[in-house]
Amino acid sequence: MNTDPARLLPRRDLLAATAATATGAALAALPAFTASAAPERPANAPRITSSSHDELWWQAPADDNSMIEQGLPVGNGRLGALASNDPGHEVLLVTDATMWTGGLNDTLDADGQFPYDRDHFGSLTLLARLTVDIPDHDLGAVSRYRRTLDLARGVVTTSYVRSGVTYQRQLFASRPDDVIVLHLTQSGTGRYTGTVTLEGTHGEGAGVSFGAAFANGLEYGAAVTAHGTGGRVTVSGSHISFAGCKDLTVVVSGGTNYAPDAAQGYRDPSLDPRRLARSKVTDAAAHSADTLLRTHVTDHHALFGQFGLSLGTSTAQQRSLDTWERLRARARDGAPDPELEAAYVQFGRYLMISGSRGSLPLGLQGLWLDGNDPDWMGDYHTDINIQMNYWMADRAALSACFDALTDYCVAQVPSWTDLTRRLFNDPRNRYRNSRGKNAGWTLAISTNPYGGGGWWWHPAGNAWLCNSLWEHYEFTRSRAHLEKIYPLLKGACEFWEARLLTTTLPGGSKEVLIADSDWSPEQGPRDAKGITYAQELVWALFGNYCVASAELKRDGGYAETISGLRKKLYLPQVSPKTGWLEEWMSPDNLGETTHRHLSPLVGLFPGDRIRPDGSTPSEVVDGATTLLTARGMNSFGWANAWRSLCWARLKNADNAYQLIVTNLRPSVNGGNGTAPNLFDIYETRPGRGIFQIDANFGTPAAVTEMLLYSRPGHLELLPALPDAWAASGSLTGAPARGGFVVDLRWQNGRPTEARIRSVGGRTTTVAFGGSSRTVTVAPGGSVTIKDFAR
Amino acid sequence: MRSSSYSALPARTLRAAVVLALAAGAVTVAPAAHAGSTAPTLAAKPYMGWSSWSMQSSKYPGLNPDGDYSYLTEANVTKQTDALAAKLKKYGYDYVNIDAGWWRDTTWKPEYDQYGRQKADPGRFPSGMKAVADRIHAKGLKAGIYLPAGLEKEAYGDGKTPIWNADGCTTADIVYGDLRTTNGWDSSYKLDFSRPCTQKYIDSQAQLIAGWGYDFLKLDGVGPGSGKSGDQYDNVADVTAWNKAIAATGRPIHLELSWSLDIGHAADWKKYSNGWRIDTDVECYCNTLVSWENSVDDRWDDTPGWTRYAGPGGWNDLDSLDVGNGEMDGLTKAERQSYATLWAIAKSPLFTGDDLTRLDSYGLSLLTNKEVIALNQGATPPARPITPSDPQQVWAAKNPDGSYTVALFNLADSPAAVSASWASLGFTGTGSVRDLWNHENLGSLKDKVTEALPAHGSRLFTVTPHGSALAFTGYEAESPANTLAGNASVADCSACSGGKKVGNLYLGGKLTVNDVVVPKSGTYQVKIAYVSGDARSAAVSVNGGGATNHKFPSTGDWGTVETVSVPLTLKAGSNTITFDSGTSYAPDIDRIDVPKSS
């Protein structure tokens with residue numbers, strides 16, 4: 001059965017048709033790097049100060065060889081940098097989210113799968129390297145070095161003393177001005193003498209601006225300018241020289257001519273990145289550094305300030321330590337450090353504000369690279385990683401940052417649809433639809449920004465992405481968002497309608513629908529039918545689609561079809577052999593017991609079919625718990641974060657907290673854990689650690705999930721509050737599914753006050769412990785609950 | 001600066017007396033150099049100068065155009081002599097040391113005189129070795145030369161080569177009948193000093209170089225050491241003979257021993273020589289002169305066991321100080337400063353192997369920093385680690401004037417903050433900090449100094465305490481109140497406080513010091529007195545919490561106690577402190593001392 005009328009159209013028309021149904025929103029979305037209106041300047045805005053709790057600090061800089069562990073990230077959502085903060089040798093490794101090699105990648109390998117390389121599939125890669133050399137300020141010659149990352153204001157500050165003079169520099173990436181600014185000042189008689197060098201990292205050489213193109217045709221460019229007072233700033237050859245300056249402001253920008261539009265081949269041919277970068281830095285440099293800073297801080301804080309978290313009070317001893325010492329002390333002494341643990345959540349929010357606004361979404365490393373060739377291409381992995389990146393966005397009041405993911409999917413789906421139609425049923429593809437039918441869209445495990453897939457086909461990836469997009473709707477109740485994602489949901493349903501197989505379970509006569517041959521990420525047999533991962537995701541997809549159809553009053557007949565299919569979907573059983581919820585339609589464990597992925601538990605989290613509240617058969621909850629227990633408590637970054645979220649859903653606060661603490665342990669010699677700059681490090685082999693940003697988002701998501709569980713119509717306060725945070729704390733501005741925002745205070749393990757604001761939701765139950773009540777709030781209104789009985 | 005402040009030290013007096021006695025027994029002429037003084041005139045301070053070997057051994061482009069080690073020529077020595085005189089002499093650098101190969105041609109074929117003694121290769125040194133020494137002396141500098149230990153095989157000449165000034169003695173009369181070989185390369189026949197002719201051969205070599213006017217001899221390949229052990233490679237008798245022979249010449253000639261000398265014979269080296277290489281060559285034999293990993297960084301681990309042997313008359317030689325030209329040296333600025341810092345505070349001789357005609361400005365500033373040179377050459381004792389040998393470590397020495405020499409090191413591959421806590425120096429309150437490399441006072445600091453160090457970086461301070469001495473509570477490891485686990489056991493230890501220690505801390509052996517009481521919660525710099533003949537690690541934990549692995553520097557042997565401080569977070573009241581050997585071998589623990597305030 002095929003319900004897609006577009007299937008009869010030639011390819012070009014199909015693209016146009018899909019693009020049209022994918023709403024004008026995709027085409028109306030701004031290209032990644034574009035001229036923009038003059039920013040609003042916050043003329044009389046009050047000065048924004050931040051609490052010391054929102055400041056991370058260190059007593060040593062990074063250097064060229066330690067940027068990924070020690071460099072501090074800045075970003076304006078599109079344009080990012082890792083900074084060394086070295087007094088004598090400031091290095092900024094500059095990235096643009098769209099700086100990608102590769103392309104559509106539509107010639108499959110002999111096994112019917114996608115090439116996965118830096119040429120065809122492509123890779124995120126560095127845009128530029130900016131260095132500011134101040135020879136007289138060699139690290140060996142300065143004292144009292146300190147650098148801070150102010151999460152609330154989005155500013156990195158470096159200070160040190162040289163020959164009795166205190167020098168200070170501030171670094172920030174401004175979204176309103178679309179530039180990165182480095183502002184160097186000093187307290188007295190000090191002077192700056194040195195050079196600013198901007199270089200491409202792909203052989204372009206140095207220059208105050210440069211422009212070039214990749215083999216895939218992507219044009220890119222960057223520019224820098226500098227000005228100072230009290231001395232001379234001159235362009236000499238390919239560098240900017242400065243001498244005797246009392247202060248110095250360096251402004252850099254850059255980007256590409258990427259456009260999120262499949263119909264245009266993901267390019268904006270009218271855009272000259274080098275020229276645009278030059279005009280951006282010139283425009284910004286016309287304003288004082290203080291003005292640029294104020295504009296940036298106002299913009300950053302508007303997002304950052306919407307969410308507050310207190311997990312308790314740390315000791316004076318803990319507060320006296322720098323961030324790296326504090327991480328080490330946390331692991332060594334075993335004593336909770338609630339302010340550090342809360343700051344880790346805010347750091348994740350800082351990364352999201354810095355890395356996911358107005359351009360492509362966050363991939364495996366977000367905007368932060370230390371070389372041209374990040375591991376796994378720094379790409380979008382659709383079998384946990386990109387989803388995990390965005391679990392935190394809504395939960396931590398950064399719904400606006402989620403849009404990058406939505407816009408990406410909307411812009412990619414025409415190509416994904418085209419590739420699915422042309423290539424998915426390739427006879428060499430072991431995951432093809434064995435019934436020979438094909439409709440809708442799916443994608444690969446890895447995706448790039450050019451509509452291309454990499455590595456292997458990932459049939460259920462479409463459902464997982466759709467479910468993520470749907471969850472954003474549940475949090476925000478945004479009708480515009482729902483309109484935007486509806487075509488994706490429908491296309492995914494069409495894919496599954498074509499793919500599902502009818503089978504009869506052994507020993508019965510009941511017909512069920514199961515997924516065709518697939519691989520449960522990323523282990524076990526590669527030709528397993530009815531894997532739990534797919535069944536759960538499609539079950540949720542079909543349900544979401546039906547709600548979407550009803551809310552939009554669209555495609556009612558098709559929704560009925562999907563609803564009918566959903567009722568016949570096979571759902572996993574508990575293995576009589578292992579007692580685990582089965583990962584495959586087999587009582588046997590066909591994979592690794594402690595495998596990193598929790599694919600068969602996707603219905604526990606992020607899905608919530610499996611609920612420990614009596615609404616799910618207890619043997620299913622027990623099977624999920626037993627499986628989660630078997631998976632173990634000692635994996636690495638994102639795998640621990642996912643485990644923690646699952647334990648939070650099972651209301652096991654101790655396990656959920658322990659996994660967070662495990663992720664906070666310091667990474668030494670590339671070991672699993674948290675690097676000095678708080679980036680999460682995944683040890684792929686002894687001595688080799690890789691930055692993967694997902695745990696930096698997944699771990700904060702777990703913290704919020706421990707404090708507040710929500711689904712449409714139901715909130716639960718403090719479902720998994722660990723002893724470490726029980727004494728007192730607060731969560732403010734936390735969005736809840738169903739269209740609410742919650743402010744929550746607690747003491748001695750019990751809520752003292754909960755304020756439920758409606759952002760579209762109307763009625764919800766609010767539970768704590770064994771008790772529950774129903775509240776009704778008008779959109780825009782709020783209710784406050786105080787009397788919580790056990 | 002140039003006169004020794006050690007004139008009153010009894011140990012030195014004793015040593016000088018021993019030398020005199022030996023000399024008197026061997027020859028009729030008393031060594032003028034030692035007469036009438038209680039202080040050694042040789043090596044009263046670590047010597048300073050230049051050596052040819054770093055450039056000879058390097059594959060740096062252009063240095064050795066005529067084959068390996070061919071840099072060593074009269075012309076090059078002259079060039080370096082002139083550069084040393086012009087640039088570095090006024091800072092105290094005065095030795096020009098010719099290293100291996102002066103008697104070998106570019107194919108390494110040796111030349112000997114008719115008495116089996118090394119003879120200048122005319123290709124390298126057309127004017128001969130005396131002329132070279134004269135040229136060096138004419139610049140107001142001292143001349144150094146080099147010989148390998150033993151009778152070089154090529155000098156044996158069928159055993160019939162006569163020994164100079166030794167009636168009837170030939171080379172067959174000075175070696176063993178089985179022609180057993182010796183030295184680090186087995187390039188010589190071992191000398192048999194039970195035979196009367198043998199000392200004559202050493203005498204003849206000593207007379208030769210003294211006659212040429214050399215002031216310094218590097219005797220190389222000496223064992224035990226130089227990668228060898230066992231009787232065959234025991235060259236203590238050679239060194240003794242050289243000591244005698246030099247004394248007999250009447251010329252003060254500094255005797256330096258090389259390489260990787262066996263610390264078990266430190267007393268011998270100290271008795272008969274003026275310095276000993278504690279480690280393998282610092283050179284990398286690569287495209288630069290040295291490299292950090294091969295093997296500058298070894299010295300931080302290998303030096304501490306030797307520290308106590310350094311003193312006027314004989315010093316721990318860490319090898320060439322190749323910090324003068326970053327590009328040729330193959331080191332970062334930070335690495336060069338750390339290199340110079342360690343050499344300075346360890347009181348190592350300061351001889352550079354750089355091309356002195358091509359010093360860069362940073363290299364020149366390192367080599368000519370007067371405050372750092374004064375530390376190396378002055379009355380201050382050598383520093384040693386006061387923290388474990390972890391990637392971030394602190395070395396210190398208490399100076400005669402009450403100040404402390406304090407060096408911070410970051411041996412990690414990425415930048416890190418390093419702190420020296422006043423508590424680990426033994427005082428509390430404030431201390432004023434002088435930055436020697438930067439010639440700056442950093443002010444009066446409370447409790448500690450913390451600085452950001454680059455990868456492989458260092459800082460060097462003099463800290464003057466203004467606070468009061470810190471009071472400690474001691475806990476003996478052997479106390480019956482403690483808990484021993486695994487193989488751990490109490491053992492006698494004459495050097496230890498209480499005469500006992502806890503040893504056998506290996507493969508799970510564990511010591512828990514119980515009931516460590518402090519008045520309030522905080523981080524305490526706990527002093528750990530331990531014994532460890534080699535560098536060993538232990539996992540240290542408090543109250544059963546997470547352990548931190550620390551590497552304890554070697555104390556040089558199993559009868560010497562040293563102390564390092566470890567920061568431990570203790571809670572108010574009673575605590576336990578555990579030393580766990582884990583899957584390896586840990587040092588023996590003598591006692592711990594816990595500050596009475598954090």
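Trainee: Leaving aside sequence neighbours within four places, which residues is Val224(A) in contact with?

Mentor: Keep in mind that this is a predicted model. Val224(A) is one of the residues touching the most other members of the largest nonpolar core, which has 410 residues. Skip anything within four places in sequence, and Val224(A) is in contact with Leu130(A), Val196(A), Leu198(A), Val208(A), Ile240(A), Val250(A), Val251(A), Val252(A) and Val281(A).

Trainee: Which helix gives that core its largest share?

Mentor: Look in chain A, at residues 399–424. With 13 residues in the core, the largest share comes from helix H10 of chain A.

Trainee: Is H10(A) mostly covered or mostly open, and how many of its residues are buried?

Mentor: Nonpolar side chains tend to be buried together in soluble globular proteins. H10(A) is mostly covered, and of its 26 residues the buried ones number 22.

Trainee: Where does H10(A) bend?

Mentor: The bend is about 40 degrees, and Pro414(A) follows within four residues of the spot. The residue at the bend is Val413(A).

Trainee: Over in chain B, which strands pair with E14(B)?

Mentor: On one hand, 7 bridges link E14(B) to an antiparallel strand at residues 392–398, with Lys398(B) opposite Tyr404(B). On the other, an antiparallel pairing over 7 bridges involves residues 457–465, where Thr462(B) is opposite Thr405(B). The partners are E13(B) and E20(B).

Trainee: Which residue in the hairpin turn between E13(B) and E14(B) has a positive phi?

Mentor: There are 5 residues between the two strands. The one with a phi of about 95 degrees is Gly402(B).

Conventions. Residues numbered from 1 in each chain as written. Chains lettered and ligands numbered in written order. Predicted model: local features only at pLDDT ≥ 70, side-chain atom pairs only at ≥ 80, totals over all residues. Core = buried A, V, L, I, M, F, W, Y, C linked by C-beta atoms within 7 Å. Buried ≥ 20, exposed ≤ 12 C-beta atoms within 10 Å, placed from the backbone. Contact = placed C-beta atoms within 7 Å. Bend = angle between axes of the 7 residues up to and from the residue. Pairing = 2+ DSSP bridges.
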